[in-house]
Amino acid sequence: MTALRAHLGEAADVYPRLLPGYTLIVSDGAYGIGGFLGDPTSPRKLADWYPPHLAAWDRLAAPSSSLYFWYNEGTR
């Protein structure tokens, strides 16, 4: 049986409660366009935004895990 869990909200608040072994991680992360509270207002600031998320995904992902990045080509 396959389990599916969706977590809505700030991911950094959820990461500590999750156990490793996820086979799929979907990220609708920052775009550097100021599109949500916490999204940097410039792509240049993305290098500071992603490292904590990458570390959490590394801890949570199973060896066969896939990481899917949601994409936004919109502009402000």
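**Figure 1. Close-up of Tyr 50 and its surroundings.** Tyr 50 is buried, with a relative accessible area of 17%. The model shown here and in the other views is predicted. Leaving aside residues up to four places away in sequence, Tyr 50 is in contact with Gly 29, Ala 30, Trp 57 and Phe 69. Tyr 50 also belongs to the largest nonpolar core.

**Figure 2. Close-up of the aromatic pair Tyr 50 and Phe 69.** The count of aromatic pairs comes to 6. One of them is formed by Tyr 50 and Phe 69, edge-to-face, at 6.5 Å centre to centre and with 65° between the planes. This pair links distant parts of the chain, since Tyr 50 lies in the loop between helix H2 (46-49) and H3, while Phe 69 lies in strand S2, 19 residues apart. Phe 69 counts as partly exposed because its relative accessibility, 41%, falls between the limits of 20% for buried and 50% for exposed. Ring pairs also join Tyr 50 and Phe 69 to Phe 36, Trp 49 and Trp 57 in a cluster.

**Figure 3. Close-up of the largest nonpolar core.** This core has 12 residues. Its members are Val 14, Tyr 15, Leu 18, Tyr 22, Ile 25, Ala 30, Leu 46, Trp 49, Tyr 50, Ala 56, Trp 57 and Leu 60. At least two residues of the core come from each of strand S1 (22-27), H2 and H3. The most is given by H3, with 3 residues. In soluble globular proteins, nonpolar side chains tend to be buried together.

**Figure 4. Close-up of His 53 in helix H3.** His 53 is placed in helix H3 (residues 51-60). With a relative accessibility of 7%, His 53 counts as buried, because the limit for that class is under 20%. Residues up to four places away in sequence not counted, His 53 touches Glu 10, Ala 11 and Tyr 15. Of these contacts, Tyr 15 is also a member of the largest nonpolar core.

**Figure 5. Close-up of Tyr 68 in strand S2.** Tyr 68 sits in strand S2 (residues 61-69). Its relative accessible area is 45%, and Tyr 68 is therefore partly exposed. Contacts of Tyr 68, not counting residues up to four places away in sequence, are made with Leu 24, Ile 25, Val 26 and Ser 27. Between Tyr 68 and Asp 28 the C-alpha to C-alpha distance is 8.7 Å, and the two residues are 40 apart in sequence.

**Figure 6. Close-up of the nonpolar surface patch.** Leu 24, Val 26, Tyr 68 and Trp 70 make a nonpolar surface patch of about 440 Å². Within the patch, Leu 24 and Val 26 are also contacts of Tyr 68. Trp 70 counts as partly exposed, at 49% relative accessibility.

**Figure 7. The whole chain, for orientation.** The secondary structure comes to 3 helices and 2 strands. Along the sequence, these elements follow the pattern α-β-α-α-β. Of the 76 residues in the chain, 28% are buried. Among contacts between residues at least 6 apart in sequence, 59% join residues at least 24 apart. The chain exposes about 6000 Å², of which carbon and sulfur atoms supply 59%.

Definitions and conventions
Residues are numbered from 1 along each chain as its sequence is written. This is a predicted model: local features need pLDDT of at least 70, side-chain atom pairs count only at pLDDT 80 or more; totals for chains, interfaces and linings use all residues. Side-chain values use heavy atoms; hydrogens and water are left out. Patches are made of residues with over 30% relative accessible area and no salt bridge: like charges are joined within 9 Å, nonpolar side chains (Val, Leu, Ile, Met, Phe, Trp, Tyr) within 5 Å. Accessible areas come from the Shrake-Rupley method with a 1.4 Å probe; for residues, only the protein chains shown count as cover. A salt bridge is a side-chain nitrogen of Lys or Arg within 4 Å of a carboxyl oxygen of Asp or Glu. Helices (H or I, at least four residues) and strands (E, at least two) are DSSP runs, numbered from the N terminus. Buried means under 20% relative accessible area, exposed over 50%, partly exposed in between (1.4 Å probe, protein chains only). Contact means heavy atoms within 4.5 Å. Rings of Phe, Tyr and Trp (its six-membered ring) pair if their centres lie within 6.5 Å; planes under 30 degrees apart count as stacked, over 60 as edge-to-face and the rest as tilted. A nonpolar core is a set of buried Ala, Val, Leu, Ile, Met, Phe, Trp, Tyr and Cys residues joined through side-chain atoms within 4.5 Å.
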